Amino acid sequence: MPQTQNIVLIGFMGTGKSAVGRVLARRLGWRHLDTDAEIERQAGRMIPEIFTAEGEAAFRARESALLDSLAPPLLGAGGSSLAPPSLTGKGAGGLGFDGDLILSTGGGTPLRPENAALLKRIGTVVWLHVAPEAILARVAKSLHERPLLAGHRDDPLGRIQRLLADRVPRYAALADYTLDTSDCADSEEAAGRLLRLLALPIP
Ligand code: S3P
């Protein structure tokens, strides 16, 4: 794997994108950016408040704008080639992005086609996959913090399964690598597996 590289973690809520991202960044000595946290920072309000005050469409627009600020620019017509985006590492963005970044995304971030394309440009996309029952166990205590689940407390598993039915094919189509972490004891173990999967030296 090249020196300058970025890893993009995608997947459903509760699959460990943020926690695994933090562990990976610490172990590799790379930077970590979490789209949800960055959007909360920029908006000055938490995700549920953004959904309530601005609506889901506004939240999705914030996701797209953030990814756009991170993605390396496409070469114009005069460019001789489009280098693999994960290897270019030179973004135009105000966040000063220049590679060696772990990007943890929100569960719905890759669903807009333009976001999927931006994520591909940003880095190597790894889909963290977890069985629906394990997802429910992980998010059960934080349903109130999750706008897409909060209104479905009578049948959260059904809601998770319906969302997954729509999203799994889209995550799968986007992913360069897939990692099932259903049986991982913690995010350290998941991060270790991911480093092996990507053949990165395990620090
Ligand atoms: C969402 C997932 C959340 C957050 C928002 C919407 C989704 O992120 O972006 O509540 O559409 O699945 P996590 O996957 O980090 O929980």
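Does Arg112 count as buried, exposed or partly exposed, and at what relative accessibility? In this predicted model, Arg112 has a relative accessibility of 28% and counts as partly exposed, because the value falls between the 20% limit for buried residues and the 50% limit for exposed ones. The residue belongs to the loop that links strand 3 (101-104) with helix 6 (113-122). A partner from elsewhere in the sequence can be picked out here: Ala61 is 51 residues away from Arg112 along the chain, yet the two C-alpha atoms are 9.8 Å apart in space.

The ligand is a good place to look next. The space it takes is the largest pocket of the model. Around the ligand there are 13 residues, and those that come nearest are Lys17, Asp36, Arg60, Gly107 and Arg167. By character, the shell divides into 5 nonpolar, 3 polar and 5 charged residues. Two helices each supply at least two residues of this shell, namely helix 4 (56-70) and helix 8 (147-150).

Three side chains of the shell can be followed down to single atom pairs. Lys17 places a polar side-chain atom 2.7 Å from an oxygen atom of the ligand. For Asp36, the distance from a polar side-chain atom to a ligand oxygen is also 2.7 Å. Arg167 has a polar side-chain atom 2.6 Å from an oxygen atom of the ligand. As for cover, the ligand on its own has 390 Å² of accessible area, and the protein covers 92% of it.

Away from the ligand, Asn6 offers a view of a buried polar side chain. Asn6 lies in strand 1, which spans residues 6-10. With a relative accessible area of 0%, Asn6 is buried, since buried means under 20%. A polar atom of the Asn6 side chain is found 3.1 Å from the backbone nitrogen of Leu101. Leu101 in turn falls within strand 3 (101-104), the strand that precedes the loop holding Arg112.

The last residue to visit is Ala199, in the segment after helix 10 (187-197). What is notable here is the backbone. Most residues other than glycine have a negative phi. Ala199, however, has a phi near 55°, a positive value in a residue that is not glycine. Ala199 counts as exposed because its relative accessibility is 62%, and exposed means over 50%. Set beside Ala199, Asn6 makes a clear contrast, being buried at 0%.

Methods: Residues are numbered from 1 along each chain as its sequence is written. This is a predicted model: local features need pLDDT of at least 70, side-chain atom pairs count only at pLDDT 80 or more; totals for chains, interfaces and linings use all residues. Side-chain values use heavy atoms; hydrogens and water are left out. Helices (H or I, at least four residues) and strands (E, at least two) are DSSP runs, numbered from the N terminus. Buried means under 20% relative accessible area, exposed over 50%, partly exposed in between (1.4 Å probe, protein chains only). A polar contact is a pair of N or O atoms within 3.5 Å; within protein, one must be able to donate a hydrogen and the other to accept it, and residues adjacent in sequence count only if both atoms are side-chain atoms. A residue is near a molecule or strand if one of its heavy atoms lies within 4 Å of it. Accessible areas come from the Shrake-Rupley method with a 1.4 Å probe; for residues, only the protein chains shown count as cover. On a 1 Å grid over the protein atoms alone, a cavity is a set of points where a 1.4 Å probe fits but cannot get out, and a pocket is an open set with protein on both sides within 12 Å along at least five of seven lines; lining residues have an atom within 4 Å of a point. A molecule sits in a cavity or pocket if more than half of its atoms lie within 2 Å of its grid points. Ala, Val, Leu, Ile, Met, Phe, Trp, Tyr, Cys and Pro count as nonpolar, Asp, Glu, Lys and Arg as charged, and the others, Gly among them, as polar.
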